[in-house]
Amino acid sequence: MAKASKKPVTASAVKAKKQARPRKKQNSISDDVKRQMIAEAAFYNSQKRAQLGGDPVQDWLLAEKQIEQTLNH
């Protein structure tokens with residue numbers, strides 16, 4: 001039974017693989033601070049819809065999107 005031969009990994013192949021990955025924008029805030037920002041945004045979202053009924057989970061999900069957009073711009 002013949003073994004499959006492996007190609008040697010070259011520096012240019014490693015570099016190309018790293019460049020192909022999408023880069024995630026680095027935030028300079030901690031997860032705790034981000035969570036607090038989302039919680040505050042969710043609170044304000046719930047206040048906006050107070051007389052309309054609604055879902056606190058949807059307020060949180062909307063707040064996550066709002067904060068992500070703010071941090072990534």
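The following legends describe close-up views of salt bridges and a surface patch in a predicted model. Local features need pLDDT of at least 70 and side-chain atom pairs count only at pLDDT 80 or more, while totals for chains, interfaces and linings use all residues. Residues are numbered from 1 along each chain as its sequence is written, and side-chain values use heavy atoms, with hydrogens and water left out.

**View A. A salt bridge within helix H2 joins Arg 35 and Asp 32.** The closest N and O atoms of this pair are 3.0 Å apart, where a salt bridge is a side-chain nitrogen of Lys or Arg within 4 Å of a carboxyl oxygen of Asp or Glu. Both residues lie in helix H2 (residues 31–48), three residues apart, or about one turn of the helix; helices are DSSP runs of H or I with at least four residues, numbered from the N terminus. Arg 35 is partly exposed at 45% relative accessible area, whereas Asp 32 is exposed at 55% (buried is under 20%, exposed over 50% and partly exposed in between, with a 1.4 Å probe and protein chains only).

**View B. Lys 34 forms a salt bridge with Glu 68.** Their closest N and O atoms are 2.2 Å apart. Lys 34 belongs to helix H2 and Glu 68 to helix H3, so the pair ties together parts that are 34 residues apart in sequence.

**View C. Arg 49 forms a salt bridge with Asp 59.** The closest N and O atoms lie 2.6 Å apart. Arg 49 sits in the loop between H2 and H3, and Asp 59, ten residues away, in helix H3; Asp 59 is buried, with a relative accessible area of 6%.

Note on methods. Helices (H or I, at least four residues) and strands (E, at least two) are DSSP runs, numbered from the N terminus.
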